[in-house]
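Work through the exercises below with the sequence and model open. Try each task before you read its solution.

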Amino acid sequence: MKRIAFLFFFSFPLIAISQKNIEEKSAIDLIQEGLDLYEKEKYDESINSYSKVSLNDTNYSVAQYEIALSYFALDDYSKAITTLKELINLNLL
């Protein structure tokens with residue numbers, strides 16, 4: 001029992017400190033970052049930002065739509081169409 005208490009009290013501060021170093025962006029933040037990059041015509045970087053939005057997030061369809069627009073801006077029409085078809089198949093568009 002003393003070992004468990006000892007480990008808890010000495011490992012808890014390390015866990016708390018390490019948690020502060022993890023910065024997780026919300027879907028809204030990722031989409032906004034992507035929009036900012038899109039406005040600067042950094043389409044590949046905007047796609048990368050939008051792609052970080054989880055499929056389980058309610059903003060996933062928005063992110064995928066923005067990916068399609070970015071592909072369109074890059075004149076990669078086949079990827080734009082594929083992205084939108086995937087959204088239709090998932091019933092998200």
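**Exercise 1: A salt bridge and its partners**

K25 is partly exposed, because its relative accessible area is 39%; buried means under 20%, exposed over 50% and partly exposed in between, with a 1.4 Å probe and protein chains only. The model is predicted: local features need pLDDT of at least 70, side-chain atom pairs count only at pLDDT 80 or more, and totals for chains, interfaces and linings use all residues. Residues are numbered from 1 along each chain as its sequence is written, and side-chain values use heavy atoms, with hydrogens and water left out.

*Task.* Find the residue with which K25 forms a salt bridge.

*Solution.*
- Step 1. Apply the criterion: a side-chain nitrogen of Lys or Arg within 4 Å of a carboxyl oxygen of Asp or Glu.
- Step 2. The partner is E33, and the closest N and O atoms are 2.4 Å apart.
- Step 3. Check the accessibility of E33: a relative accessible area of 25% makes E33 partly exposed.
- Step 4. Count the salt bridges: the structure holds one.
- Background: side chains of opposite charge can pair when their charged atoms come close.

**Exercise 2: Chain layout**

*Task.* State how many helices and strands there are in the chain.

*Solution.*
- Step 1. Take DSSP runs: H or I of at least four residues for helices, E of at least two for strands, numbered from the N terminus.
- Step 2. The result is five helices and zero strands.
- Step 3. Along the sequence the pattern reads α-α-α-α-α.
- Step 4. Of the 93 residues in the chain, 25% are buried.
- Step 5. Turn to contacts, meaning heavy atoms within 4.5 Å. Among those between residues at least 6 apart in sequence, 37% join residues at least 24 apart.

**Exercise 3: The nonpolar core**

*Task.* List the residues of the largest nonpolar core, then name helices that supply at least two of them.

*Solution.*
- Step 1. Set the rule: buried Ala, Val, Leu, Ile, Met, Phe, Trp, Tyr and Cys residues, joined through side-chain atoms within 4.5 Å.
- Step 2. The largest such core has 10 residues: A27, L30, I31, I47, Y50, V53, A63, I67, Y71 and A80.
- Step 3. At least two core residues come from each of α2 (27–39), α3 (43–50) and α4 (60–73).
- Step 4. Follow L30. Beyond its neighbours within four places in sequence, L30 contacts K25, S49, Y50, K52 and V53.
- Background: in soluble globular proteins, nonpolar side chains tend to be buried together.

**Exercise 4: The buried side of α3**

*Task.* Decide which residues of α3 are buried, and where they lie around the axis.

*Solution.*
- Step 1. The buried residues of α3 are Y43, S46, I47, S49 and Y50.
- Step 2. Their arc around the axis is only 160°, so they sit on the same side of α3. The arc is that of the directions from the helix axis to the C-beta atoms.
- Step 3. Their cover includes α2 and α4.
- Step 4. Look across to S70, which is in α4. S70 counts as buried because its relative accessibility is 0%.
- Step 5. Leaving out residues up to four places away in sequence, S70 touches Y38, Y43, S46, I47 and Y50.

**Exercise 5: Helix α5**

*Task.* Test the span of α5, then sort its buried and exposed residues.

*Solution.*
- Step 1. The expected span is 1.5 Å times one less than the number of residues.
- Step 2. For the 13 residues of α5 (residues 77–89) this gives 18 Å, and the end C-alpha atoms are 18 Å apart, so the two agree.
- Step 3. A80, T83 and L87 are the buried residues of α5. They cover an arc of only 65° around the axis, which puts them on the same side of α5.
- Step 4. K85 and N89, on the other side of α5, are exposed.
- Step 5. The cover over the buried residues of α5 includes α4.
- Step 6. After α5 comes N91, with a positive phi near 60°.

**Exercise 6: Aromatic pairs**

*Task.* Classify the two aromatic pairs of the structure.

*Solution.*
- Step 1. Rings of Phe, Tyr and Trp (its six-membered ring) pair if their centres lie within 6.5 Å; planes under 30 degrees apart are stacked, over 60 edge-to-face and the rest tilted.
- Step 2. Y38 and Y43 have ring centres 5.0 Å apart and planes at 65°, so this pair is edge-to-face.
- Step 3. F72 and Y77 have ring centres 5.2 Å apart and planes at 65°, so this pair is edge-to-face.
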